[in-house]
Amino acid sequence: MFITICYAYLTLVWYRRHYSQKMHIVNLVRQRALRCSVVFRKPKALQSRKKLNQNKYSVLCEPSKEPIREEMEYDFPSKQLLTVTPMQAVNLNEDWTSFIGSEIPLDDPNKNHTLILIEAHLPRKGKHGRRPSLDIPDEKSVKLSELSVPIAWKAGQPFGLLVRSRIEDFSTIGLAFLDGLLQLDDGLQVEQMLSVGIVGNAFKLLDYLPGTRRSCTLSGSKSHSKSRSQNSISAAKELHRRQRPRSFGGEFSPPSYSASPSSSPSSLSPQSGGQPRHLRKRHSPIFLKKMEEKQRSQESSPLSSTFSSRRGSQESVSSGIEITIDNSLDSPGPMETSTVATSNKDAINEAAEKHRQKPPNALVLVDNPDEGSKFNKVKALLDVCLQRNCYTTYSVDIDTVLKDPWIDNTQLLILATNHDLSDHAREVIMKYLYKGGRLLSLCGSFHAGVKLQQIEDTLSVREVRYSSLDGNVTHNLHASCTKCSYKLSAVNNHDVRILASCHDNAILVHVSIGDHGGAAILSQVHLEDTAGDDSAVDTETFTRLKKSNMIRHEVCRDVLTTLGMRCGAGELPALTPCYLLCQNEGLKQELLASISYKLDADRRLKGSKVNLIFVPAPQDAQAVTSDQLPVVTDEGADSGESFNKQVYMQNLKTNQLGKVVFYSEVIPTTQLIFESLQRSVPTNLGLVAIATAMTAGKGRGGNTWLGPPGCAMFSLLAHFTQHSQLGQRLPYLQHIASLAVVDAVRLLPGYEKIDLRLKWPNDIYYGNEMKLGGVIVNTSYMAGQFTAVIGCGFNVNNSDPTICINDIIQQYNREHGTDLAKLTVEEQIARTITQMEFLLDDFILRGKDPFRERYYQRWLHSGVRVRLENESGPEVCVVGLDDNGFLLVKDSSGNTQSVQPDGNSFDMTKNLISLKTR
């Protein structure tokens, strides 16, 4: 007993000392990181320091004007923390290269950020030729890439990396380094890191790539001169010519960059003259090519350097296709005809720049803008593929195209009309293309001079082979197609490239038009159609289309990128405040009273990851950030139209769970809300956090969960004792939550045969084909009681990016002639929580056996024969769930084995259980 007390006392003393040390380090970094260099280092970094003069702290830093003064703050056995005065500076002119797209803020008015110089190296290879790696558990590791923004790098020994970070994050990075938990990409190991200043400008590789347009301009100038463009091209050619192994390849004199102390990166100006600059032997032609492709992708303009090079090598037309051209309607008149010479790169660059400067408008030509269904399908596709908040999409009719002055104000024209265009309409559209416009034709009659022909295939859904314009992206997918293809030939005035084909029929082509960068992509593939748009599609075809849905999006993104549009996620939606919505006023007052003693003067409930700030009204809320979330407590406040509290409460039939709602329209993840609440509120309140969209949702094993609108996303707080039936079998929690999601649909009258199933250990599936949801459970224990945060996410009304419950209901209606209503997110969250409370109470009361009987009715695996480890591993038969909730399998000898869900995965396509290495 005495030994136990001593051990507990020593543990407490160590913890308090460790915590005090940690807080001192955090305060030290906060107070000094911007006044001097705060240094975290390994002792052996001191050896290289002794080789330098007294005015230079690091080989990567500039000598200071006065001697360096070091003050040791902490000297641990293997790490040190010290401060260095004066602050050290890095000269970026000394062979530093900027990361693509990075910007260095030369003046940071709020002083909340600092620049960090990191010296790192790759560990030496062992006797088997492998480099040792840091064995850091994922749940403990601190990734540098998540806490900083890369700015520039310098090759050599040591490898130099310059990053920008918030002061608070620098503290976290430093503490992780001291604890041995800091993780860099590519196996690099940190020797030391310090806060620094900068002088000079890093080498911008993309400024010297072939065909790259300079993004910087002369001070006060708004245009690029032709001579500067030629200088850029010639400098890039010289760069390629001089790349030789084992040599710097001589020198050349690119424009030098100068900036005033207050200037921003965008104002850096190329100046004539300047010091010659050495080329770097590590910038090989292959690396330059990759950087050029990266630049084209970022600028979303494939015309800057690809048109002239591709014109001389048009050999991608599939064999067996006859090539003819029709110049009758969609070709220019005699006065308009011209071809693009390969030497006319400046004109193409100028056209591409002019196209980028157009207003970010996308016009969709439809037969009837008021009807809306066709336009809505196209807009839904654009919303998925294009960067958020970059473009405005309008629906227009043919009268608008013929009358309004839209040509100079449109970046993309999409033809989504089923009607034949008049000759006048074709002429207007061709005029737009010859002025550098971009066009996407979706299964219409417009063909830009390329003839259409009927094909014999009677199927509306076919297997399509897609290859991008540069050949780097290839896909096979099932898609809805028309009964036409394009009949191509040797080109007189246009360049035509096949992008997709089916049975040697060209059904998606790229046509470059005129000498101003005009381009059209003509499609006989319904890229805008989702599975189920065709009422005649059967279940098998429906499933094939749904499986190809994500590939269809990838094809669409590549098509739109080829047309100069910016694709990808773009900026995340802005975070929004949280609203406290309770079933009655008494519950709200009980909640607020239970946490009142923990609130500070600003009504802030502090947590390690996020602080909740309780305010009476939205106008009192502070800015929403990833670590600060205002909670509006006034029930009368407008929480937006995305969540219907009345529908939710009407469908909630629980005694306790889900009656106190924390709702936010956009939040990083719902699980963060309970981090500071779960130990503070009474267990009878039944808290649930609900979001319309999440920006950083988490799945099992650290996977990212995408959270688009239309997906039901919530985290539920549940409590139960250690000695209860459930407390003795915690793994059953995820099975209970998964079954609740399925039963919330299949127990509704008429919905019993909707094919929602359970896949071990925690996934919701459509049949055995596609995943549409999942569950994650985190539990903690204190004083004989478990607290569980049960996170659920499942697709209810979002057909993209894969499949949703309402898709399955619609397909069931088509096949069986029923008229089952679509379900709403609010209904399904409430019904799922209702089912979850019933299953939890029943399990605690009656144990595992009644639950397993219900569970097996919904799951996919009874009697399935699978292999363990890999495809040649031992074959076993799935028996069910064991007493603890693990998967129970039986081998050929009759011996049983339990497979734990933690880290293991079930590949249903191969009947394979991949086991986690333990």
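What covers the buried residues of helix H19 includes helix H16 (732–746), strand E35 (756–759), helix H18 (825–846) and strand E40 (875–881). Those buried residues of H19, which spans 848–856, are Lys848, Pro850, Phe851, Arg852 and Tyr855; buried means under 20% relative accessible area, exposed over 50%, and partly exposed in between, with a 1.4 Å probe and protein chains only. Helices (H or I, at least four residues) and strands (E, at least two) are DSSP runs, numbered from the N terminus.

This is a predicted model, in which local features need pLDDT of at least 70 and side-chain atom pairs count only at pLDDT 80 or more, while totals for chains, interfaces and linings use all residues. Residues are numbered from 1 along each chain as its sequence is written, and side-chain values use heavy atoms, with hydrogens and water left out.

**Confidence**

- The average pLDDT of the protein is 76, and 71% of the residues score at least 70; pLDDT is the predictor's confidence in each residue, from 0 to 100.
- Among the elements of the protein, H18 has the highest mean pLDDT, at 96, and strand E12 (residues 251–252) the lowest, at 30.
- Residues 208–287 have pLDDT below 50, and this stretch has 130 contacts in the model beyond near neighbours in sequence; contact means heavy atoms within 4.5 Å.
- The pLDDT is also below 50 over residues 297–345, a stretch with 104 contacts in the model beyond near neighbours in sequence.

**Strand E6 and its partners**

- Strand E6 (residues 113–121) is mostly covered, with 8 of its 9 residues buried.
- E6 runs antiparallel to strand E9 (residues 159–166), and 8 bridges join them; two strands pair if DSSP finds at least two bridges between them.
- In the pairing with E9, isoleucine 116 stands opposite valine 163.
- E6 also runs antiparallel to strand E11 (residues 189–199), to which 7 bridges join it.
- Within E11, methionine 193 is the bridge partner of isoleucine 118.
- As background, side chains in a regular strand alternate between the two faces of the sheet.

**Cysteines**

- The model has 0 disulfides, a disulfide being a pair of cysteine sulfur atoms within 2.5 Å.
- Why is cysteine 484 without a bond to cysteine 443? The sulfur of cysteine 443 is the closest cysteine sulfur to that of cysteine 484, but at 9.2 Å it is too far for a bond.
- Cysteine 484 is buried, at a relative accessible area of 17%.
- Cysteine 502 is in no disulfide either, and its nearest cysteine sulfur, that of cysteine 481, is 6.1 Å away.
- Cysteine 502 counts as buried, because its relative accessibility is 3%.

**Salt bridges**

- The count comes to 23 salt bridges, where a salt bridge is a side-chain nitrogen of Lys or Arg within 4 Å of a carboxyl oxygen of Asp or Glu.
- Side chains of opposite charge can pair when their charged atoms come close.
- Aspartate 529 and lysine 377 form a salt bridge through their side chains (2.9 Å, N to O).
- This pair links distant parts of the chain, 152 residues apart: lysine 377 is in helix H9 (residues 373–385), and aspartate 529 is in the loop between strand E26 (518–523) and helix H12 (539–547).
- Aspartate 529 is buried at 14% relative accessible area, whereas lysine 377 is partly exposed at 27% relative accessibility.
- Lysine 379 and aspartate 383 also form a salt bridge, their closest N and O atoms being 3.2 Å apart.
- Both of these residues, lysine 379 and aspartate 383, lie in helix H9, 4 residues apart, about one turn of the helix.
- An α-helix has 3.6 residues a turn, so residues three or four places apart point the same way.
- Lysine 379 is partly exposed at 29% relative accessibility, and aspartate 383 is partly exposed at a relative accessible area of 47%.
- Aspartate 743 and arginine 858 form a salt bridge, with their closest N and O atoms 2.9 Å apart.
- That pair links distant parts of the chain, 115 residues apart, with aspartate 743 in helix H16 and arginine 858 in the loop between H19 and strand E39 (865–868).
- Aspartate 743 and arginine 858 are both buried.
- Arg32, Glu71 and Glu73 are joined into one network by salt bridges that share partners.

**Lysine 588**

- Lysine 588 lies in helix H14 (residues 585–595) and counts as buried, at 8% relative accessibility.
- Leaving aside its neighbours within four places in sequence, lysine 588 is in contact with Leu580, Cys582, Thr633 and Glu635.
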